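User: Please take a close look at a single part of this model and set out, in one connected account, how its elements are arranged and what lies against them.

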Amino acid sequence: MSHNIQKKLAVINDMSGFGRCSLTVSLPIISKLKVQCCPVPTAIFSNHTGYQHFFFDDYTEKMPQYIKNWEKLGLEFAGIYPGFLGSERQIEIVIEFIRKFRTKDTRVIVDPVMGDHGKPYSTCTPSLCCEMKKLVKYADILTPNVTEACILTDTPYKEKWRKKEIREMAENLMAQGPDKVVITGIVQGEFIANYVCTREGCDHFLRSVKVGTQRCGTGDIFASIIAADAVNGVDFAASVKKASNFIKRCIQKSTEMEIPITDGAAFEEVLDYLR
């Protein structure tokens, strides 16, 4: 009996029980887009670290045995999507996972979660940056925000960007390996833009009016939609536009319901709009 009848997407990320981020976002989003979401937990949190207190259990040393049992089952993946990785060792494990499970039909979508608003996260050490650049080489699709694009290209961060400068960063990133890049969260006055670039010549700034306040987990929503759509063969620019519009709807609903910002975006309320 085959375990590989349905399309499967391996999602390598932490599990936060509360706060709508990482795997608790990816599971319902990817499932809604009719792809089986297969999580590989990197850590277990009671709630994400944006709260005053949280429980944390590092899963790094358990990951190899977890993955080994998938090998025994003969699992095949249409997509592999690593998100937040907290150490160089976890990045090494992910690279080995890609080497073992990737086929000519597997799409690898890397969301290089390293920082935001011009500041790297505390875990984003020089050695982790070096390992992340190694992982980027394996990506078919890369989804950094502006801060992460700067880190990966050794570009000094600033608040205002010319379109030419964003294009140059995207071209630098594609030179590292990916065929498709979207740089997210580009502030353009009252607008927020995503820059889409591909080896086939796609060159789009897709922008919309900013609404509400940035919330925890919206990057996970975005990358999960991009990953599922990649597996389903959806046009890349169309997928970016879909993800952006869905997040805007999530933020509008969350603001309307007065959901605390730390609690993320209430995507459950608008999930039926996702196709």
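Analyst: Two strands are said to pair if DSSP finds at least two bridges between them. By that criterion, strand E9 (residues 180-188) and strand E10 (residues 191-198) pair over 7 bridges, in the antiparallel sense. Within this pair, Val-187 stands opposite Ile-192 of E10. The model in which this pairing is found is a predicted one.

E9 and E10 belong to an open sheet of 9 strands, whose order is E3-E2-E1-E4-E5-E8-E9-E10-E11 and whose pairing is mixed. The sheet ends at strand E3 (56-58) and strand E11 (203-209), the edge strands, each of which pairs on one side only. Helix H2 (residues 63-73) packs on this sheet, where it touches strand E1 (8-16) and strand E2 (36-45). The direction of H2 makes about 165° with that of E2. Elsewhere, helix H8 (residues 236-257) lies across E8, E9, E10 and E11, and runs at about 160° to E10.

A further helix, H4 (residues 126-136), has Leu-128, Cys-129, Glu-131, Met-132, Leu-135 and Val-136 buried. These residues are on the same side of H4, because they cover an arc of only 165° around its axis. The pattern follows from helix geometry: with 3.6 residues a turn, residues three or four places apart in an α-helix point the same way. The cover over the buried residues of H4 includes three strands of the sheet, E4 (79-82), E5 (107-110) and E8 (141-142). Helices H3 (88-101) and H5 (146-153) are also among the elements that cover them.

Strand E1 offers a residue-level view of the sheet through Asn-13, which lies in that strand. Asn-13 counts as buried because its relative accessibility is 1%, below the 20% limit. Apart from residues up to four places away in sequence, Asn-13 touches Ser-22, Leu-23, Val-40, Pro-41, Thr-42, Gly-83, Phe-84 and Asp-220. Of these, Val-40, Pro-41 and Thr-42 fall within E2. With Phe-84 there is also a polar contact, in which the side chain of Asn-13 reaches the backbone nitrogen of Phe-84 at 3.4 Å. The C-alpha atoms of Asn-13 and Gln-90 are 10.0 Å apart in space, although the two residues are 77 apart in sequence.

Ser-22 is found in the loop between E1 and helix H1 (23-32). Ser-22 is likewise buried, because its relative accessibility is 2%. Beyond its neighbours within four places in sequence, Ser-22 is in contact with Asn-13, Asp-14, Met-15, Ser-16 and Asp-220. Asp-220 is thus touched by both Asn-13 and Ser-22.

Notes
Residues numbered from 1 in each chain as written. Predicted model: local features only at pLDDT ≥ 70, side-chain atom pairs only at ≥ 80, totals over all residues. Heavy atoms only, no water. Buried < 20%, exposed > 50% of the residue type's maximum accessible area, 1.4 Å probe, protein only. Helix = DSSP H or I, 4+ residues; strand = E, 2+ residues; numbered from the N terminus. Arc of directions from axis to C-beta. Contact = heavy atoms within 4.5 Å. Axes fitted to C-alpha atoms, helices over the stretch in contact; angles between N-to-C directions. Polar contact = N/O pair within 3.5 Å; in protein donor to acceptor, adjacent residues only side chain to side chain.
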